[in-house]
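Dear colleague,

I am passing on the structure we spoke about, so that you can look through it in your own time. Below it you will find my notes on what turned up.

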Amino acid sequence: MKVWIPDFSQHQGKINWDKLKGKIPGAIIRIGYGDDLKSQDDVYASYNMRECRRLGIPFAVYIYSYADSDAHSKSEIAHVKRMCKGFNPGKFWLDLEVKKYAKHWKRAAELWKEAFGDNAGVYTWQWGFEKHVKSGRRWICAYGPNNGKCNDSYKPTISMDGWQFTSKAILSGIRGYVDMSEWYADFAGAQPIEIKPH
């Protein structure tokens, strides 16, 4: 079974989650980026998690990583634990996109796994897994023309939990574009809901 899961950050502004209830099967919420500093929290993370919990929308979280050392990775882990206290997200995703820190990615993923166990996973490109991260849960970014549509010809060729296929999906009630992923692993029991990004 596969479902389409959007992810959200402060870039979408303050979301009216009541309008999304029943229209999305789940959500992935950005916690923030980098070290455990309040200035680097996503300003709507707590609100978004609270609303998902209120409405019974399954959710996972992610943090955009700038880690280039064990100390920075541990600070990012502390950042997520502080922000998520009391919310119990389904999964914890480490967003590895800063290429100049790629030599640390494998170690960052190991520390992430130690912190969050079976609920830990990594988001990056296919080459990032093949060259650096190697193992663990995979959420892979591969857009192709990035036109808001899901085109299987651009689908990654390695096993994965989810494939983020666009950053230009449009959802009713959301300001601007959202990222959209096709999900293959269980997403906290989420059931398919027909989403038609355009």
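To begin with a strand, and bearing in mind throughout that this is a predicted model, 6 of the 6 residues of strand β8 (residues 178-183) are buried, so β8 is largely enclosed by the rest of the structure. In a regular strand the side chains alternate between the two faces of the sheet. In β8, V178, M180 and E182 point one way while D179, S181 and W183 point the other way, and all of them are buried.

Which strands pair with β8? Strand β1 (residues 3-8) pairs with β8 in the antiparallel sense over 5 bridges, and within that pairing S181 of β8 is the bridge partner of I5. Strand β7 (residues 162-169) likewise pairs with β8 in the antiparallel sense, over 5 bridges, and here M180 in β8 has T166 standing opposite.

Turning to the helices, the buried residues of helix α2 (residues 45-55) are A45, Y47, N48, M49, E51, C52 and L55. An α-helix has 3.6 residues a turn, so residues three or four places apart point the same way. The buried residues of α2 pack against two helices, α1 (17-20) and α3 (70-84), and against two strands, β2 (27-33) and β3 (59-64). After α2 comes G56, which has a positive phi, near 75 degrees.

A residue that you may wish to look at separately is H132, which lies in helix α5 (residues 126-133). Is H132 buried or exposed? Its relative accessibility is 15%, and because buried means under 20%, H132 counts as buried. The side chain of H132 reaches the backbone oxygen of A102 at 3.3 Å, and, if neighbours within four places in sequence are left aside, H132 is in contact with A102, W105, K106 and W127.

Finally, there are the nonpolar cores. The largest nonpolar core has 49 residues, and those with the most contacts inside it are F8, W17, I24, M49, V61, V80 and W112. Helix α4 (residues 105-116) gives the most to this core, with 6 residues. Another core, of 11 residues, lies apart from the largest one, and V3, I5, Y62 and W139 are among its members. Two of the residues named above thus come up again here: M49, one of the buried residues of α2, is listed for the largest core, and I5, the bridge partner of S181, belongs to the core of 11 residues.

With best wishes

Terms used
Residues are numbered from 1 along each chain as its sequence is written. This is a predicted model: local features need pLDDT of at least 70, side-chain atom pairs count only at pLDDT 80 or more; totals for chains, interfaces and linings use all residues. Side-chain values use heavy atoms; hydrogens and water are left out. Buried means under 20% relative accessible area, exposed over 50%, partly exposed in between (1.4 Å probe, protein chains only). Helices (H or I, at least four residues) and strands (E, at least two) are DSSP runs, numbered from the N terminus. Two strands pair if DSSP finds at least two bridges between them. Contact means heavy atoms within 4.5 Å. A polar contact is a pair of N or O atoms within 3.5 Å; within protein, one must be able to donate a hydrogen and the other to accept it, and residues adjacent in sequence count only if both atoms are side-chain atoms. A nonpolar core is a set of buried Ala, Val, Leu, Ile, Met, Phe, Trp, Tyr and Cys residues joined through side-chain atoms within 4.5 Å.
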